[in-house]
Amino acid sequence: MFPISTVRIIGSGRLAGGGRRRPGQLLCGFSMETRDLLENSRKKLAKKHLDLIAANNLREEGAGFGTATNLLTLITAERETPLPLLSKDEAAHRLLDELLALRSTRT
């Protein structure tokens, strides 16, 4: 499994706008777009002061709601990592891997 003691999921408004963070805390958001996936997701990343955003293009077959798969692009301030079509479980694992990698570069 992952070398992480706790993953807390909070509502998007609790820390949006640059509220207080605990030391070492990373914030991840989700973006579901039908147009301008990267541009709109980057705007959300900045507006919500996130470390990472998982962008999901709802126009692509196999992505979004009602499917067993997802097609994500993981976006940080420094880079964009497009993932192939993955099961939702595998997409979640890749997202956690990315968060752990980010944490290791920021400590």
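This passage walks through the fold, the nonpolar cores, the strand S1 region, the salt bridges and the surface of a predicted model.

The protein contains two helices and six strands, and its elements follow the order β-α-β-β-β-β-β-α from the N terminus. Of its 107 residues, 34% count as buried. Among contacts between residues at least 6 apart in sequence, 44% join residues at least 24 apart. One pair of residues that are distant along the chain but brought together in space is Ala 46 and Ala 77: they lie 31 residues apart, and their C-alpha atoms are separated by 8.2 Å. Ala 46 belongs to helix H1 (residues 37-47) and is exposed, at a relative accessible area of 52%.

The interior comes next. In soluble globular proteins, nonpolar side chains tend to be buried together. Here the largest nonpolar core has 10 residues: Leu 52, Ala 54, Leu 72, Leu 74, Leu 83, Leu 86, Ala 91, Leu 95, Leu 99 and Leu 102. Strand S2, strand S4 (72-75) and helix H2 (88-106) each supply at least two residues of this core, and H2 gives the most, with four. Leaving aside residues up to four places away in sequence, Leu 99 touches Leu 26, Cys 28 and Leu 52. A second, separate core of seven residues includes Leu 45, Leu 50, Ile 53 and Ile 75.

Strand S1 (residues 28-33) shows a neat alternation of its side chains. Gly 29, Ser 31 and Glu 33 point to one face and are buried, whereas Cys 28, Phe 30 and Met 32 point to the other and are not. S1 pairs with S2 in the parallel sense over six bridges, and Glu 33 of S1 stands opposite Asn 57 in S2.

Glu 33 also leads to the charged pairs, as the structure holds five salt bridges. In one of them, Lys 44 joins Glu 33, with the closest N and O atoms 2.6 Å apart. This pair links distant parts of the chain, since Lys 44 is in helix H1 and Glu 33 in strand S1, 11 residues apart. The two partners differ in burial: Glu 33 counts as buried because its relative accessibility of 9% falls under 20%, while Lys 44, at 30%, counts as partly exposed.

Helix H1 takes part in another salt bridge through Arg 42, which pairs with Glu 80 at a closest N to O distance of 3.1 Å. Arg 42 lies in H1 and Glu 80 in strand S5 (residues 80-82), so the bridge ties together parts that are 38 residues apart in sequence. Arg 42 is partly exposed, at 28% relative accessible area, and Glu 80 is partly exposed too, at 36%.

A further salt bridge connects Glu 98 to Arg 79, the closest N and O atoms being 2.6 Å apart. Glu 98 lies in helix H2 and Arg 79 in the loop between S4 and S5, so parts 19 residues apart in sequence are tied together. Glu 98 counts as buried, at 11% relative accessibility, whereas Arg 79 is partly exposed, at 43%.

Finally, the surface. The accessible surface of the protein comes to about 7100 Å², of which 53% belongs to carbon and sulfur atoms. Met 32, Leu 58 and Phe 65 make a nonpolar surface patch of about 310 Å². Within this patch, Phe 65 sits in the loop between strand S2 (52-57) and strand S3 (69-70) and is exposed, with a relative accessible area of 67%.

Key: Residues are numbered from 1 along each chain as its sequence is written. This is a predicted model: local features need pLDDT of at least 70, side-chain atom pairs count only at pLDDT 80 or more; totals for chains, interfaces and linings use all residues. Side-chain values use heavy atoms; hydrogens and water are left out. Patches are made of residues with over 30% relative accessible area and no salt bridge: like charges are joined within 9 Å, nonpolar side chains (Val, Leu, Ile, Met, Phe, Trp, Tyr) within 5 Å. Accessible areas come from the Shrake-Rupley method with a 1.4 Å probe; for residues, only the protein chains shown count as cover. A salt bridge is a side-chain nitrogen of Lys or Arg within 4 Å of a carboxyl oxygen of Asp or Glu. Buried means under 20% relative accessible area, exposed over 50%, partly exposed in between (1.4 Å probe, protein chains only). A nonpolar core is a set of buried Ala, Val, Leu, Ile, Met, Phe, Trp, Tyr and Cys residues joined through side-chain atoms within 4.5 Å. Contact means heavy atoms within 4.5 Å. Two strands pair if DSSP finds at least two bridges between them.
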